[in-house]
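Open the model in your viewer and keep the sequence panel in sight. The tour goes stop by stop, with something to select at each one.

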Amino acid sequence: MAMELRSEPPRLTAVLGPTNTGKTHLAVERMLGHRTGMIGLPLRLLAREIYDRIVAMRGRACVALITGEERIVPKTARYYVCTTESMPLDMPVGFLAIDEVQLAADPERGHVFTDRLLRARGRDETMVMGAATARPLIKKLVPGAEFIVRPRFSKLSFAGAKKLTRLPPRSAVVAFSAADVYELAETMRRQRGGCAVVLGALSPRARNAQVAMYQDGEVDYIVATDAIGMGLNMDVRHVAFAATRKFDGARPRHLTAAELAQIAGRAGRHMNDGTFGLTGAVQELPDADIQAIESHTFPELKTFMWRNADLDMRSVKGLLRSLEARPEHPGLIRARQADDHMALAALAHDKAITDLATNRDAVRLLWEVCQIPDFRKVLADHHVRLLAHIYRSLMGPGHRLGDDWVARSVERIDRTDGDIDTLMNRIAHIRTWTYVAHRSDWVGDHGELQERTRAIEDRLSDALHDRLTQRFVDRRAATITRRLKGDGSLASHVAADGAVTVEGEEVGHLEGFRFVADKAASHGDGRTLWTAARRALHPEMARRVAACEADDDAAFSADARLYVLWRGSRVARLEAGSDVLKPRIEVLRSEFLDKALKDRIAARLRDWLDRRIAETCRPLLRIRNADLKGPARGLIYQLVENLGVVATPDVASLIADLDRDARQGLARLGIRLGLHAVYLKSFMSSRHLDLRALLWAAHRGDGEMPGVPVKGEVAIDADPRLPAGFYGAIGYQRLGPRALRVDMVERLAAQARKAVRKGRAPVTPDLMSLAASSREQFPAVMAALDFRVIEDKNGLTIAAASGGRRARNRRRPTAADRASPFAKLLELENAR
């Protein structure tokens, strides 16, 4: 076949030179001079641009586009425009070209370009294009290659460093991370009215829309990554570097002069001179680099990346070994593991996969599955699991992916909500499925799936373009100014979701009953916008208050900052009230709410909160209304005020004055008189914790509610930073490094007393389990209960604290001692 590796390859021409020398244009012209042809390009975006150009010249019927996730192949196709990775090497063509051949030195993708240089040939003519730095290696690897050196059409010169706000119109600002691009674009929006944004992760549709906005003059600036450095032709007159370091997939590093030149060369296309310079935090560029860029003279490349193409498909281990083979030519070095290699290595540890891959066909299929791209560039477990599922399905009885599973997977991505990063992530995800959809032997109706994934990508791309434009282009100023030049009236509207628009431009939104102005509305026409918005907001508030009154209780909630939320928006705040079960509700201020409207809101929120307290705090309300008097009534008051738990020493005098009837009455109500705490047993459920913490925080006026244990946790690590009383308010007691629910504290203390009744005793697993602490925490937990833990060669033992409060105060009990509340509690405990 035409592209097999041959001992005597057909003539290869290397067209080399800097940017803006017309190399790609020459290759397209040469290809169209042949009956059939193929060109491999380094970027999907560039492939799409060249495809569109050839379609305009020759018509769709004779042009094919093949990329990792896009495949348009008419039956009468004669010319194939591909990404370099996607070139079909078994397709015989008269002319074949590889663009940006110097990328053979790239650590990540270089092995692909090297492979094409060595193996891909046109029947009549083969051409590679790229930087002159690749010439020596091409000469060594392809003896007999002919070289054509083309000079740059225009002059490229260094213009020094400029502030971002002083860059000339038609400038491209270059950074090397999405975060930096966003930050720069935000600045350009504030200072220059906006900019277009180009990232490598953009789909062609979104990228074209952004570039068109720049080319049509809607914005005068473009902020981009080095994605603009590979042949994307725009009317750029100046390139400003906001960074000269990038992460290359392995480590952060400085760009070489040749790499900087590839990007800087976007300035001054065709016969127009261009400039490059620095901006932002980058203030200096080495003189040697500047001179090299201006004169287009760079060090020659020493090595190209290489990966073995003669793969052993007899076994998974054999395939991995063959991928690790080293090149024999001194000008080649083995490439680091690519994504497909890493995916195979990961799947090789899955016995279920290796048990299926037992013959050549099965191993070859596994390798094809591993080549499904992870366009999100994370190679996370999620992608490996996806590959494993696909392979198992293809090796199953039907040898295809399940239609329902594919449909569900694709449907989950078909959403246009979210921010810029979310949409780009979904686009990357749908690109993976588009790649799968082009495997007709893997999916059922691959044509229908291709149409669906392409439609989803288009919708996501349109949404992404809208988000980019909304965030980085201030179209409001132009719209408002245009209207003001007319009759001066501005139409305002409040949408169902609370968005407030003036003349179709969003100027802010309603959060509950408060208007939050868009920061972008702070330009010179802000007062006019605000006046127009007010006309719509006054009648809207009355409608909203009525909706609030009509909503059921599920529409209301409270957050950790003590704000009351209606439909997720803050509308009021809880403050200390007459008692802990009656917090005050303060409706948040809004100039659009008069007293009558605020009173209506407060009344509705009070109804909701009272019902929630009545339902959740039913045990507390029941004991508050119990028919008990004297000390028992005082004890109940303390329990209610402290949300169901009070430390025993704090109510010792009340306990001492309880008679038998009072004790029995308290017991019937579920009130337990413990040695350490008096508590309401029925109020110990974890489902009460959130509201207890909320009521406690509101009553204290702290302004924020601490986090509570998750449901079912009877012990947690104690946080010494929390205010005193918090753990008691939620039914826990702090014991050194741990906090235990008070009923568990009583059980633990009783078990420990029983164990040491006859002196020092071994720590049993049951006792350790009751303490709900680690071996290291256990001594401090027990010390808080006046026990000491001793560790010796026999393990842990426990004893009553010596020298502690009890030991220091030990004396012969008197009648008064025996009548004390603690003595009575101890008698009850011993009797139990």
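Start by selecting threonine 279, whose side chain reaches the backbone oxygen of lysine 162 at 2.8 Å. This is a polar contact, that is, a pair of N or O atoms within 3.5 Å; within protein, one must be able to donate a hydrogen and the other to accept it, and residues adjacent in sequence count only if both atoms are side-chain atoms.

Before going on, note that this is a predicted model, in which local features need pLDDT of at least 70 and side-chain atom pairs count only at pLDDT 80 or more, while totals for chains, interfaces and linings use all residues. Residues are numbered from 1 along each chain as its sequence is written, and side-chain values use heavy atoms, with hydrogens and water left out.

**Around threonine 279**

Threonine 279 sits in the loop between strand 16 (274–278) and helix 8 (287–295). Helices (H or I, at least four residues) and strands (E, at least two) are DSSP runs, numbered from the N terminus. Is threonine 279 buried or exposed? Threonine 279 has a relative accessible area of 0% and is buried. Buried means under 20% relative accessible area, exposed over 50%, and partly exposed in between (1.4 Å probe, protein chains only). Now show what touches threonine 279: leaving out residues up to four places away in sequence, the list is Lys162, Lys163, Leu164, Leu167, Val173, Ala240, Phe241 and Ala242. Contact here means heavy atoms within 4.5 Å.

**The six-stranded sheet**

Strand 16 leads to the next stop, an open sheet of six strands in the order 9-16-13-10-12-11, with parallel pairing. Two strands pair if DSSP finds at least two bridges between them. Select the edge strands, strand 9 (156–161) and strand 11 (196–198), each of which pairs on one side only. Neighbouring strands of this sheet are turned by 25° against each other on average, direction ignored. Axes are lines fitted to C-alpha atoms, for helices over the stretch in contact, and angles run from 0 to 180 degrees between N-to-C directions.

At one edge, strand 11 pairs with strand 12 (residues 221–224) in the parallel sense over three bridges. Look there for alanine 196, which stands opposite isoleucine 222 in strand 12. Then add two helices. Helix 5 (residues 178–192) lies across strand 10 (171–174), strand 11 and strand 12, running at about 165° to strand 12. Helix 7 (residues 257–264) lies across strand 9, strand 10, strand 13 (238–241) and strand 16, at about 140° to strand 13.

**Strand 5 and its partners**

Select strand 5 (residues 79–83), where five of its five residues are buried. Tyr79, Val81 and Thr83 are on one side, and Tyr80 and Cys82 on the other. Which strands pair with strand 5 in the parallel sense? Strand 2 (residues 37–41) does so over five bridges, and strand 3 (residues 63–66) over four. Cysteine 82 has glycine 40 opposite it, and isoleucine 66 also stands opposite cysteine 82.

**Helix 23**

Move to helix 23 (residues 660–668), whose buried residues are Ala662, Arg663, Gly665 and Leu666. Seen down the axis of helix 23, these fall within an arc of 160°, so they line one face of the helix. The arc is that of the directions from the helix axis to the C-beta atoms. The face turned away from the buried side carries the exposed residues Arg660, Asp661 and Arg668. At the N-terminal end, aspartate 659 caps helix 23, with a side-chain oxygen 3.3 Å from the backbone nitrogen of aspartate 661. Glycine 670 follows helix 23 and has a positive phi, near 85°.

**The largest nonpolar core**

Next select Phe513, Leu581, Ile623, Ile636, Ile671 and Val678, the residues with the most contacts inside the largest nonpolar core, which has 74 residues. A nonpolar core is a set of buried Ala, Val, Leu, Ile, Met, Phe, Trp, Tyr and Cys residues joined through side-chain atoms within 4.5 Å. Helix 24 (residues 689–700) gives the most to this core, with eight residues. Apart from this core lies another, of 65 residues, including Val223 and Leu323.

**The last sheet**

Finish at an open sheet of three strands in the order 30-32-31, with antiparallel pairing. Strand 30 (715–717) and strand 31 (732–735) are at the edges with a single partner strand each, so one side of each is left without a neighbour in the sheet. Aspartate 717 stands opposite arginine 738 in strand 32.
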